[in-house]
Amino acid sequence: MWGVAGLRVLRLANPVVRRVLDSRAHPLLSGRLVVLAYRGRRTGRQLRIPLRYAETRDGALVAVAVEPEGKQWWRTFADEAPAAVRLRGTEVAVRGRLAAGDRRGSALEAYLDRYPRSRRLTRDAAVVVLEPVNG
């Protein structure tokens, strides 16, 4: 879907988006975007990427990797893994897990309720649920 040119644009835009979401100007973007901070599963490096999200009724966040074969971030959550999100200007500790089965269906439903025009893009998408860690 994105192609090489689209990926280049994202590489240029992501640092700008992260800066906005980390600043007092975050309300410009934080209604639809979070910054996910996680440790890479192979490298162990701390990574921070902006992602579009939706909230479930129980307060979890759903993020989707469209065309997952070309993306790496979601693979970290094949097994449950700790992470953090900058959500509306606040750092929130979360546990992320790749959703499967009924859990994938309900998480994807929450995402599509928020972004109905994404339906055709999410058929084969990797769906990650990020649940806040209490305490």
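Which residues is Leu87 in contact with, leaving aside its neighbours within four places in sequence? Keep that in mind while we take a walk through the structure.

**Before you start.** You are looking at a predicted model, in which local features need pLDDT of at least 70 and side-chain atom pairs count only at pLDDT 80 or more, while totals for chains, interfaces and linings use all residues. Residues are numbered from 1 along each chain as its sequence is written, and side-chain values use heavy atoms, with hydrogens and water left out.

**Stop 1: the whole chain.** Show the cartoon and look for two helices and six strands (DSSP runs numbered from the N terminus: H or I of at least four residues for helices, E of at least two for strands). Starting at the N terminus, you will meet them in the order α-β-β-β-β-β-α-β. The radius of gyration, taken over C-alpha atoms, is 14 Å, close to the 14 Å from the globule rule for 135 residues, so the protein is as compact as a globular protein of that length. That rule is 2.2 Å times the number of residues to the power 0.38. Now switch to the C-alpha trace: along its principal axes, the trace spans about 40 × 35 × 30 Å.

**Stop 2: the largest nonpolar core.** Select Leu36, Trp73, Phe77 and Val85, which have the most contacts inside the largest nonpolar core, a group of 20 residues. Such a core is a set of buried Ala, Val, Leu, Ile, Met, Phe, Trp, Tyr and Cys residues joined through side-chain atoms within 4.5 Å; buried means under 20% relative accessible area, with a 1.4 Å probe and protein chains only. Next, colour β1 (33-39), β2 (46-55), β3 (61-65), β4 (81-87) and β6 (126-132), since each supplies at least two residues of this core. The biggest contribution, four residues, comes from β4. Apart from this core lies another, of 14 residues, including Ala54 and Leu112.

**Stop 3: Phe77.** Zoom in on Phe77. Not counting residues up to four places away in sequence, Phe77 touches Leu36, Tyr38, Pro82, Ala83, Gly96, Arg97, Leu98 and Val128 (contact means heavy atoms within 4.5 Å).

**Stop 4: Leu87.** Finally, select Leu87, which sits in strand β4. Leu87 counts as buried because its relative accessibility is 13%. And here is the reply to our opening puzzle: Leu87 is in contact with Val34, Tyr53, Leu61 and Val92, its neighbours within four places aside. Try a distance label to Tyr53 as well: Tyr53 and Leu87 are 34 residues apart along the chain, and their C-alpha atoms are separated by 9.7 Å.

Conventions:
Buried means under 20% relative accessible area, exposed over 50%, partly exposed in between (1.4 Å probe, protein chains only).
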